[in-house]
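Me: Pick one chain and give it a close look, then carry on to whatever is worth seeing elsewhere. I'd like it as one connected story, with cut-offs spelled out.

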Amino acid sequence: MNAPRPLSLLCELTYRCNLQCPYCYNPLDYHAYRDELTEDEWKRVVREAAELGVVQLHLSGGEPTLRRDLAGIVREASTSRMYVNLITQGTFLDETALDGLVDAGLAHVQISIQAPEEELADRIAGTRVHQRKLEAIERVLQRNVALTINCVLHRVNHDRIADVIAFAERYGVRRLELANVQFYGWAYRNRLALMPTRAQVERGMQVVEDARRRLGDRMQITYVLPDYFEEYPKPCMLGWGNAFITVAPDGRTLPCPAAAAITTLPRVNVRDVPLREIWEDSQLFNAYRGTGWMPEPCRMCDRREIDFGGCRCQAFLLTGDAGATDPACRLSPDHDLVVAWRDGRDVLPFAPRIVEKAH
Amino acid sequence: MIETERLCFARGVVLREEDEASLLLVPEGAIFLNGTAAAIANLIDGKRTFAEIVEVLSEQFSEERERVAADAREFIERLRASGVLA
Ligand code: SF4
Ligand code: SF4
């Protein structure tokens, strides 16, 4: 089938990170991705994406600032007229690093915090870093680059939303993203410890609504509900192979950052195959493109062009079939899986992502 | 909206013009603009006020000021609500 124009490229420059968040969506076997693309290879990927029509580059990880060649990659993208967004936890954004990136044409930085105050934040991050993040936030605010504060929400910090908003307000931050945890990688492993309760989610909605009313256009607050608390799934990646390309640290190329978990699809690597060919012709990108692959109940559903049948990775993780209707949908024959897990009462301690390292 | 206020994009908003499309690039993605929207976006430069933008547009499209103002107001309010304006 004809491939649409991709708009966005996510380069996961490395899976290395000095934090140990239990909600990390990186794959459990992130050590298998040590053979990272070189600076020149990343630049080639960026150029090939620009030729395909991509307008936006997201640089993430792991922690992307652990790559010393980051500014060079940013410059390559901004020279190709791409909008460059850095997704970081901020602990290495000192003056020199930040100035280098801004000078290279960085348009936006997203800094994540684990919680609004040090003790809890550092407990979730598994290490003492909160203070350094605060300094990075202040530094970014002084430069000509846009900033979003991001906080991933889960059972442990969900009741602190009001404090997260107050935190952002204190810093005069214009954009705040409250992202409910998504269950991939380490987060999937820790799902029973991380799943917020329905009461938490409902309170959260109320808090956010009040804050939005109070703050007006002084602060944009994004609060994305977890789709397992809604009736229908999210339009994951705006559809498989429709707008997004992800490249993992070792060059493995995927329709979404979580898709490496789908073991039933063939692998393809931008080290071996040009990006255009991967986008247009690979079996991987064509597997769930459009609506032709859909099973019942999606096939006849009038939401099929709205949510595209939901998330393929979630379908695979929960049912073993990446081509199934996303179980988050209440029409899915597997919806009871989500209900059981969502309404379960077990509160387990979470495992920090580093644990696997010893093996 | 105050008609004499100078309109300016927020930090991190970039207007990108291509041969066949105009897009506003914002941190969370790209907004494709139609012809009128693109013409308005082009005039947002941190110097022009809303009234001035309407002035230019109505000349450009040889349309009545009132009609242009109504369209432009709607678009600009939408931009403001999504944090695109400073
Ligand atoms: S989620 Fe935490 S551990 Fe994972 S990459 Fe981000 S900061 Fe590092
Ligand atoms: S049945 Fe499929 S297309 Fe319809 S709402 Fe559910 S997931 Fe979406």
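Reply: Going along the sequence, chain B reads β-β-β-α-α-α, which adds up to three helices and three strands (DSSP runs numbered from the N terminus: helices are H or I with at least four residues, strands E with at least two). Its radius of gyration is 12 Å, close to the 12 Å the globule rule gives for 86 residues, so chain B is as compact as a globular protein of that length (the radius is over C-alpha atoms; the rule is 2.2 Å times the number of residues to the power 0.38). Its C-alpha trace covers about 35 × 30 × 20 Å along the principal axes.

Some ground rules: this is a predicted model, with pLDDT of at least 70 needed for local features and 80 or more for side-chain atom pairs, while totals for chains, interfaces and linings use all residues. Residues count from 1 along each chain as its sequence is written, chains are lettered from A and ligands numbered from 1 in the order written, and side-chain values use heavy atoms, without hydrogens or water.

Now the helix pair in chain B. The axes of α2(B), residues 50–60, and α3(B), residues 65–81, come within 9 Å and cross at roughly 125° (axes are lines fitted to C-alpha atoms, for helices over the stretch in contact, with angles from 0 to 180 degrees between N-to-C directions). That angle makes α2(B) oblique to α3(B); under 35 degrees is roughly parallel, over 145 roughly antiparallel, 65 to 115 roughly perpendicular, and the rest oblique. The crossing is right-handed, meaning the near helix is turned clockwise from the far one by less than a right angle (anticlockwise would be left-handed). From α2(B), the contact (heavy atoms within 4.5 Å) takes in B:Phe50, B:Ala51, B:Val54, B:Glu55, B:Leu57 and B:Ser58. On the α3(B) side you'll find B:Arg65, B:Val68, B:Ala69, B:Ala72, B:Arg73 and B:Ile76. By class, that's eight nonpolar, one polar and three charged residues (Ala, Val, Leu, Ile, Met, Phe, Trp, Tyr, Cys and Pro are nonpolar; Asp, Glu, Lys and Arg charged; the others, Gly among them, polar).

Over to chain A, with 13 helices and nine strands. Here the radius of gyration is 20 Å, close to the rule's 21 Å for 359 residues, so chain A is also as compact as a globular protein of its length. Its trace spans about 50 × 50 × 45 Å.

Chain A has a helix pair worth a look too. The axes of α6(A), residues 161–171, and α9(A), residues 198–215, come within 9 Å and cross at roughly 25°, so the two are roughly parallel, again with a right-handed crossing. A:Ile161, A:Ala162, A:Ile165 and A:Glu169 meet A:Gly204, A:Val207, A:Val208, A:Ala211, A:Arg214 and A:Leu215. That contact holds seven nonpolar, one polar and two charged residues.

Then there's ligand 1, surrounded by eight residues, the closest being A:Cys17, A:Cys21, A:Cys24, A:Gly62 and A:Gln89 (a heavy atom within 4 Å counts as near). Five of the shell are nonpolar, two polar and one charged.

A:Gly62 also turns up in the backbone: the bond from A:Gly61 to A:Gly62 is cis, omega near 15°, and A:Gly62 sits in the loop between β2 (56–60) and α2 (70–79) of chain A. Another cis bond joins A:Glu296 and A:Pro297, omega about 0°, with A:Pro297 in the loop between α11 (283–286) and α12 (312–319) of chain A. Most peptide bonds are trans, and most residues other than glycine have a negative phi. A:Arg81, in the loop between α2 and β3 (83–88) of chain A, has a positive phi near 65°.
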